[in-house]
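Biologist: Could you take me through one part of this structure in close detail? I would like to see how a single helix sits among its surroundings.

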Amino acid sequence: MREIDTVLFDLDDTLHDDTTAYLAAARTVAETIGAERGIDPGTLVDAYERAAMRFWSSLTAEHLTHTIAGQRERMWYEALLEVGFDDRALAQRAAARYGVARAGTILELAPGAVDVLAALRAHGCKLGLVTNGFAATHHEKIERLGLRRLMDAFFLADEVGMVKPDPELFRHACRVLGSDPARTAMVGDRYARDVVGALEAGLFAVLLDVHATPIPPGAPQPDAVVTSIGAVLDVIPVARLSR
Ligand SMILES: [Mg+2]
């Protein structure tokens with residue numbers, strides 16, 4: 001029976017509901033810009049969501065040399081272009097407003113997340129955060145969510161110079177935490193990022209299935225699937241729990 005003594009977590013949409021938080025900030029921007037330029041706010045938010053999804057789903061290590069502020073501007077530029085406005089100055093203003101709105105949104109951990117982290121630690125597990133987020137935004141997020149004291153190590157994409165699903169990133173996290181990939185679990189909401197990379201590195205992969213995205217036929221399956229973060233304790237074979 002496999003025994004786990006280290007657990008890695010993704011951050012966005014795993015330990016907190018980032019989709020709701022970022023769409024709320026985008027909505028604030030879209031309402032202001034929309035009123036100015038006669039754009040329907042809902043249409044602009046949808047266009048921004050598509051631009052953001054395109055960016056995050058195509059993220060590679062090469063993107064890490066650019067600032068997230070610059071990338072945000074590009075997402076807003078693409079969104080505005082989609083609704084008929086080819087305007088870089090407007091995109092710059094939208095991105096700046098978005099930054100302010102993000103800083104003003106309430107961030108909280110998903111229900112049950114603190115209990116899961118505390119229980120794993122109480123059973124002797126080391127805990128790490130592995131995110132494709134950037135230092136410029138994610139250190140603040142880690143502080144605001146109160147995660148700093150709850151986990152042992154934090155791996156941010158541009159600080160480690162790697163992005164999920166690179167299996168080397170998962171191996172790196174294991175090395176830093178002094179753990180063996182075979183005794184380490186990874187919990188995340190994105191099959192292609194969190195599960196594929198973790199499996200390739202030899203970790204126990206748990207998919208938090210919040211997007212209901214189908215796994216491609218014939219593709220490697222996660223070791224476990226949960227629909228809420230609280231259920232993680234039921235599926236990870238923690239060494240001390242199984243003794
Ligand atoms: Mg995520």
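Modeller: Happy to; what follows is a close look at helix 4, with a short word on the metal site and the cores afterwards. Please keep in mind that this is a predicted model.

Helix 4 runs over residues 88–104, and its length is a good place to start. At 1.5 Å a residue, its 17 residues should span 24 Å, and the end C-alpha atoms are indeed 24 Å apart, so expectation and model agree. At the N-terminal end, Asp 87 acts as a cap, with a side-chain oxygen 3.2 Å from the backbone nitrogen of Ala 89.

Now look at which residues are hidden. Leu 90, Ala 91, Ala 94, Ala 95, Tyr 98, Ala 101 and Arg 102 of helix 4 are buried. Viewed down the helix axis, these buried residues fall within an arc of 135 degrees, so they line one face. Their cover includes helix 1 (18–37), helix 2 (41–57), helix 3 (68–82) and helix 6 (135–144). On the other side of helix 4, Ala 89, Val 100 and Gly 104 are exposed.

Turning to the metal site, the magnesium ion is coordinated by Asp 10 (OD), Asp 12 (O) and Asp 189 (OD), at 2.0 to 2.2 Å. Along the chain, these donors follow the spacing D-x1-D-x176-D. Both Asp 10 and Asp 12 are buried.

Lastly, the largest nonpolar core has 35 residues, and those touching the most other members are Val 7, Phe 9, Leu 15, Leu 147, Met 151, Ile 229 and Ile 236. Helix 5 gives this core its largest share, four residues.

Methods. Residues are numbered from 1 along each chain as its sequence is written. This is a predicted model: local features need pLDDT of at least 70, side-chain atom pairs count only at pLDDT 80 or more; totals for chains, interfaces and linings use all residues. Side-chain values use heavy atoms; hydrogens and water are left out. Helices (H or I, at least four residues) and strands (E, at least two) are DSSP runs, numbered from the N terminus. The expected span of a helix is 1.5 Å times one less than its number of residues. Buried means under 20% relative accessible area, exposed over 50%, partly exposed in between (1.4 Å probe, protein chains only). The arc is that of the directions from the helix axis to the C-beta atoms. Contact means heavy atoms within 4.5 Å. A polar contact is a pair of N or O atoms within 3.5 Å; within protein, one must be able to donate a hydrogen and the other to accept it, and residues adjacent in sequence count only if both atoms are side-chain atoms. Donors are N, O and S atoms within 2.8 Å of the metal (3.2 Å for Na, K and Ca); water is not among the atoms, so sites may look incomplete. A nonpolar core is a set of buried Ala, Val, Leu, Ile, Met, Phe, Trp, Tyr and Cys residues joined through side-chain atoms within 4.5 Å.
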